[in-house]
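Here is a briefing on one structure. Keep the sequence and the 3D view open while reading.

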Amino acid sequence: MQNKTIFDKLGGQANIDAAVVKFYQKVLSDPSVSHYFKNTDMKKQTEMQQKFLTMAFGGPNNYKGRDMKAGHAGLGITTAAFNTIVKHLGDTLKEMGVPAEVIAEAAAVAETTRADIVEIK
C-alpha cells in the first residue's frame, strides 16, 4: 500500500481550502505579521496559497504562481515573522482536529521554504 500524502492525511482539497481561510484569519488578526499583507489582494492570495499548499502537500499541482524567493523578495520577512506564520498554520490545523504528527509533517514542508522567504535573520 502506498504511503498517504499530507494532502490525503488532511482530507483533500476541501479541507486544505478551509484551512487556508482560517489560517489567513489568524494571520490578518495578528499585528506582528498582518502588515506584510497590507497591500495584498487577499482573495487572490488565499487562492494562490490553497493551490500552493495543495501542491506542496502532495496533491494536484495547479500552482502557477512565482517561486517562493521571487514571491517574497523585498518584503523584509524576518525569522520571527516566519516562525509566527508557521505557528498560525499549526494552530489552524490543530483546531481542525489534525493529528500532531501530520501537523509536524506540514511544518516540515513549510520549513523547506524558510531560506527563500526569510530576508532578515
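The expected span of a helix is 1.5 Å times one less than its number of residues. α6 has 12 residues, and its first and last C-alpha atoms are 16 Å apart, close to the 16 Å expected. The model is predicted. The points below cover three helices, the largest pocket and four single residues.

**Helix α6**
- The buried residues of α6 are V102, I103, A106 and A110.
- They share one side of α6, because their arc around the axis is only 105 degrees.
- An α-helix has 3.6 residues a turn, so residues three or four places apart point the same way.
- Exposed residues A100 and E101 sit on the face of α6 turned away from its buried side.
- Packing against the buried residues of α6 are α1, α5 and α7 (114–117).

**Helix α2**
- α2 runs over residues 13–28, which makes 16 residues.
- From first to last C-alpha, α2 reaches 22 Å, close to the 22 Å expected at 1.5 Å a residue.
- Buried in α2 are I16, A19, V20, F23, Y24 and V27.
- These residues lie on the same side of α2, because they cover an arc of only 135 degrees around the axis.
- The cover over the buried residues of α2 includes α1 (6–9), α3 (42–56) and α5 (79–95).

**Helix α5**
- The 17 residues of α5 should span 24 Å at 1.5 Å a residue, and the end C-alpha atoms are 24 Å apart, so the two agree.
- The buried set in α5 is A81, F82, V86, H88, L89, G90, T92 and L93.
- α2, α6 and α7 pack against the buried residues of α5.
- G97, just after α5, takes a positive phi of about 85 degrees.

**The largest pocket**
- How much space lies in the largest pocket? The volume is about 870 Å³.
- The lining counts 34 residues.
- Nearest the centre of the pocket are Y24, Q45, Q49, M68 and H72.
- Elements that give two or more residues to the lining are α2, α3, α4 (68–72), α5 and α6 (100–111).
- Which helix gives the most to the lining? It is α3, with seven residues.
- By class, the lining has 23 nonpolar, seven polar and four charged residues.

**Q49 and Q45, near the pocket centre**
- Both Q49 and Q45 are among the residues that lie nearest the centre of the largest pocket.
- Q49 is in helix α3.
- Is Q49 buried or exposed? Q49 has a relative accessible area of 18%; the cut-off for buried is under 20%, so Q49 is buried.
- Q49 is in contact with V20, F23 and Y24, leaving aside neighbours within four places in sequence.
- V20, F23 and Y24 are also among the buried residues of α2.
- Q45 is in helix α3.
- Q45 has 26% relative accessibility; partly exposed runs between 20% and 50%, so Q45 counts as partly exposed.
- Not counting residues up to four places away in sequence, Q45 touches Y24, F37 and T40.
- Q45 and T113 are 68 residues apart along the chain, and their C-alpha atoms are separated by 17 Å.

**H88 and T79, in α5**
- H88 is found in helix α5.
- H88 counts as buried because its relative accessibility is 13%.
- Leaving aside neighbours within four places in sequence, H88 is in contact with F23, K26, V27, D30 and V33.
- Two of these partners, F23 and V27, appear among the buried residues of α2.
- T79 is in helix α5.
- T79 counts as partly exposed, because its relative accessibility is 25%.
- Which residues does T79 touch, not counting residues up to four places away in sequence? They are R114, V118, I120 and K121.
- T79 and L93 are 14 residues apart in sequence and 21 Å apart in space, C-alpha to C-alpha.

Key
Residues are numbered from 1 along each chain as its sequence is written. This is a predicted model: local features need pLDDT of at least 70, side-chain atom pairs count only at pLDDT 80 or more; totals for chains, interfaces and linings use all residues. Side-chain values use heavy atoms; hydrogens and water are left out. Buried means under 20% relative accessible area, exposed over 50%, partly exposed in between (1.4 Å probe, protein chains only). The arc is that of the directions from the helix axis to the C-beta atoms. Contact means heavy atoms within 4.5 Å. On a 1 Å grid over the protein atoms alone, a cavity is a set of points where a 1.4 Å probe fits but cannot get out, and a pocket is an open set with protein on both sides within 12 Å along at least five of seven lines; lining residues have an atom within 4 Å of a point. Grid points are joined across faces, edges and corners, and a volume is the space filled by probe spheres set on the points. Ala, Val, Leu, Ile, Met, Phe, Trp, Tyr, Cys and Pro count as nonpolar, Asp, Glu, Lys and Arg as charged, and the others, Gly among them, as polar.
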